[in-house]
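Trainee: Could you take me through one part of this structure slowly? I'd like a close look at how the strands are put together, and I'm new to this.

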Amino acid sequence: MHRWPNATAITNGATQPMTTVATPSHGARFIDPQILARIGNLELVARWVVEGFITGLHKAPYLGVSIDFAEHRAYMPGDDIRRVDWRLYARTDRFYVKQFEADTNTNFSVLFDVSKTMSFGSRGVTKLDYGRFLAACLCYISTKQRDRVGIVTFDDDIVERVPPSAKHFDVTMHTLDQMDPGRPGALGPPLHKATEFFKRRSILAIISDFYDEPEKILDAVKPLRFAGSDVIMFHVLDPAEVDFPYDDSTSFQDLETGRKIPVVPDKLRDQYRQLVQDHIRALTELCSQNRIDYAFLNTSVPLDHALFKYLTMRHKLTKAR
Amino acid sequence: MSFLTPLFFAALVALGVPILIHMIQRQRTEVIEFPSLMFVRKIPFHSLRRQRVRHWLLLLLRCAALALLIAAFARPFFRSAVLVAVTGGSREVVILVDRSYSMGYGNRWERARDAARDVVRDLAPDDQATIIFFDSGAQSGARSTRNRASLLATIDQAELGAGTTRYGPALQLAQGIFEDSDQPRLEAFLITDFQRIGVDSAANTLLPPGTVLTAISVADEDETANILVAGASVQRDFFSGRERAVVTARLANRGNETVENLRVSLELNGRELESLPVTVEANSSATVTFAPFTLEDTAMPVSVRAEADALPHDNVFHFTVAPGDVVPVLVVGNAGAADANLYLRSALAIGTSPSFSVTVRAVDQVTAADVATARVVVLNDVGLPSGQIGAAITRFVESGGGLWVVLGERVRWPGDDLDLLPGTFDEPADRDGRGGALGFVDFSHPVFEVFSTPRSGDLTAPRFYRYRPLNTRPETAVLARFDNGAAAMAEHLVGEGRVLIWTSTIDTFWNDFARKGIYLPFVQKVVEYLAAYTPPTPYLTAGQVLDLAQYPGAADLDLVGGNLVVRDPSEDRLTVGSDGRAGFIELAEQGFYEIRDTDAPDSAPVVVAVNVDLAESNLERVDPQELVAAATGRVPGDRSVTTERELQPADLERRQTLWWYLLVGALGFLASETVVSNRLSRTELDADE
């Protein structure tokens, strides 16, 4: 089994130190997001990334887990008699039903933040583009697993919604393709509203830059879990938002509010970086406490790594079941 | 401390500039868009916008330099009584010295200059003074100077003028100096002989409030005797074909004692020609006539000089006598009608200035030479001669000559030569009863201008019994009409010449005009006008400006292309137009100015005689207190109001000139800032390396 020594950014209750750049040792084919940005067809991007990624992971134990036999358990009234293992009954004269590893025909939805802040990109790839590639890849993987895929885009309200369906892959791709960030964002109202959409147990991937207080973010996300959904928070940030690499004193303008603040970067860079790390750390801890998966993604990191995080979490989910 | 322009303190906001520079180094104007300033806002404010001031010294230097600059522009001054008193004891002194020629009486001029020197020597170190020399005009030396040597040198170099006394220009100049002054005390010294003739010019001049005007009189208390040559006239005659002149001079005695056997001489070209003794009664005048002398071809400088007395300037009278002041007149009459010209010839024979040379010819005896030598042709009751003579007369008029056509009974005018006439005329018309009179006269015309004032001749007195009706053209100028509206006299311009037509006779045949007193001036004015006669100017008065373009004697000078050089009475030479005014010469001295065109060495020089204004010879004095009171509104020497002059803020600020020190301080700070910043930059660069 491959080990990702620096992939500790994926935390599921982990307390490892945060590292923004994960470097797979070998076996995976890393694709620079800037190269992906030149490919217009999202499905092509997703296929290219996912299949290349899967090829790299051909010995990984994660594939096919969803259809593998797990264990037997004693028949209980109410169980579907079609699941009774008649062969075992013949041997033991007892009724056992077969249980499989997971029910892979689940709903998979992407909750995509299309607020103005997502349009920021210092290296050619915006956070929105990066999230778009990520969402496309996740949907592609889910479709391959015969999951139902859907998408909800939001800023300070629900912008667009594609209900999960086995036939909605193309619509989801189209929605991803047409996303246009322009308005200020807020997590609380749209996510509370989205809770109504997911009555059934689902896998929800929230892609956002999570510019809010950690407690408020969790308050917004937690209701999604009430229906039993599994929630994965993909925290996408640009390297400039993490490292604050500016030198000259100048005015910074908030993309959403338009407010300008004169800033001396040299003098506040360290404080800024510390605040960002504290923010990520706080989100990590809160997510862990609330059994929410959290993945921090730097848009300078190849997309494969994000997929790896996702599949790792899916694996954990199946293990936990 | 007060400020003259406190609004400049609004610029104090500029102090924020160095502070901002210090606080936010190299802050660029461009804006960086950032997704969210959530974390930036969490950082304490001072770390965002306020940077620690690293170079306090630099900041202070820059702020101080800016503050001083702003304060300098606000023009500070002190109102403090102590400070004003410390700097407020100084005076603005104006010394007015009379340099009119009456100051040449006795030793007045030397006494006046001594008095001026005394005033200069009495000046306090902080006093600033101006010396004004005045006669009819005023000139100042260096204004408001503290340089005593300069003031004394100005006094030493001053010369007596030839002008008259006028206090007005000098006091107005002093008024301007005082109004421009920032000194708290204003004081003027008027050093003059206080002639009354100059007082009127000062009527509307009032020195600024608080000005002390001290009168220093150099006039003598006793009555002053003075003999002056009041003028001279020239009588001309011809002797042996040469024009001669007889000069008669008039002398006046303004003293209370009779002057006996005063030697009066006639000088010609600077050489004494004759000297005669004259006795002039007290407060009276006398005349002296010198022997005739023959005139030369050019204007001769003539002077009548009386024996010198205490005031020599008015003891001489200069003038020029030019030959040829004679107007040749050709009278063309009918043969055998000599009486018709009698009155005309008699009237013209009396003239002296100019005199008229009358030639009478019968119409059939006129020659072209007669016409050519005349300046005025009179066709007395004859029409235009036919043939060459008529053509000669026509050319004569067209080239500038004057023609007087007198319409009598026998005038027949050729029908094809009507161009010389202002219209056609009909057969004689009679006026019944007492005859007619002149009903309209154009007194603005030079011919009749002399009759325009009251009691200068009654033009309605002559009675006209017959005349030739004139049918004038619309453009014809009718100068006089009879009381029935018929034209009596009309003017017609032909070429460069003038034609006057008189519709009645100039003898006693059709009217009694010739028997009236106005006949003589009328005839002379008509001939002078037709001859375009301009009386010569025998002399001008000192102070006048000579315009050579208008001076009759300078008609031959080339004012544009010639190189005109003037030799003034002091034998100094100066080029005409060197002061930027071509053809103008300021006549400042008494005597003869000689103007010569050096480009035309063969031409005769133009001589201009200049005399002093004899009004200045009247040495009657005015009470100095009267003049002082008129100029200041107070009695002379009254210093009680000197402290009442409240200095205006602008005066205080100008005197204290604190802005200058602030500016120097600001420059010093800026220089220090340069040194310190360079040193700091070098230090930091070394540290970086």
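**Strands between and within the chains**

Mentor: Let's begin where the two chains meet, keeping in mind that this is a predicted model. Strand S9 of chain A and strand S2 of chain B, residues 31–34, run parallel and are joined by 4 bridges. You can pick out one pair by eye: Ser251(A) sits opposite Val31(B) in S2(B). As background, strands of a sheet pair through backbone hydrogen bonds, and they can do so parallel or antiparallel.

Now widen the view to the whole contact. Chain A puts in 27 residues and chain B puts in 22. On the chain A side, S9 (250–254), strand S10 (260–263) and helix H9 (265–289) each give at least two residues. The largest share there belongs to H9(A), with 6 residues. If you sort the chain A side by residue type, you get 13 nonpolar, 6 polar and 8 charged.

Next, let's move into chain B itself. Chain B has 16 helices and 35 strands, and 38% of its 689 residues are buried. Take the contacts in chain B between residues at least 6 apart in sequence: 74% of them join residues at least 24 apart.

Eight of those strands deserve your attention, so to speak, as a group: in chain B, 8 strands form an open sheet with mixed pairing, in the order S18-S17-S19-S20-S28-S27-S26-S23. Where does that sheet end? Strand S18 (355–362) and strand S23 (438–441) of chain B are at the edges; each has a single partner strand, so one side of each has no neighbour in the sheet. Going from strand to neighbouring strand, the average turn is 20°, ignoring direction.

Let's zoom in on the S18 edge. S18(B) pairs with strand S17 of chain B, residues 326–333, in the parallel sense over 8 bridges. One of the pairs to look for is Pro328(B), whose bridge partner in S18(B) is Ser357(B).

Helices pack on this sheet too. Helix H9 of chain B, residues 342–349, touches S17, S18 and strand S19 (376–380) of chain B, and its direction makes about 160° with that of S18(B). Don't mix up H9(B) with the H9(A) we met at the chain contact. Helix H11 of chain B, residues 387–398, also packs on the sheet. H11(B) touches S19, strand S20 (402–406), strand S27 (487–494) and strand S28 (497–502) of chain B, and its direction makes about 115° with that of S28(B).

Notes
Residues numbered from 1 in each chain as written. Chains lettered and ligands numbered in written order. Predicted model: local features only at pLDDT ≥ 70, side-chain atom pairs only at ≥ 80, totals over all residues. Buried ≥ 20, exposed ≤ 12 C-beta atoms within 10 Å, placed from the backbone. Contact = placed C-beta atoms within 7 Å. Nonpolar A, V, L, I, M, F, W, Y, C, P; charged D, E, K, R; others polar. Pairing = 2+ DSSP bridges. Axes fitted to C-alpha atoms, helices over the stretch in contact; angles between N-to-C directions.
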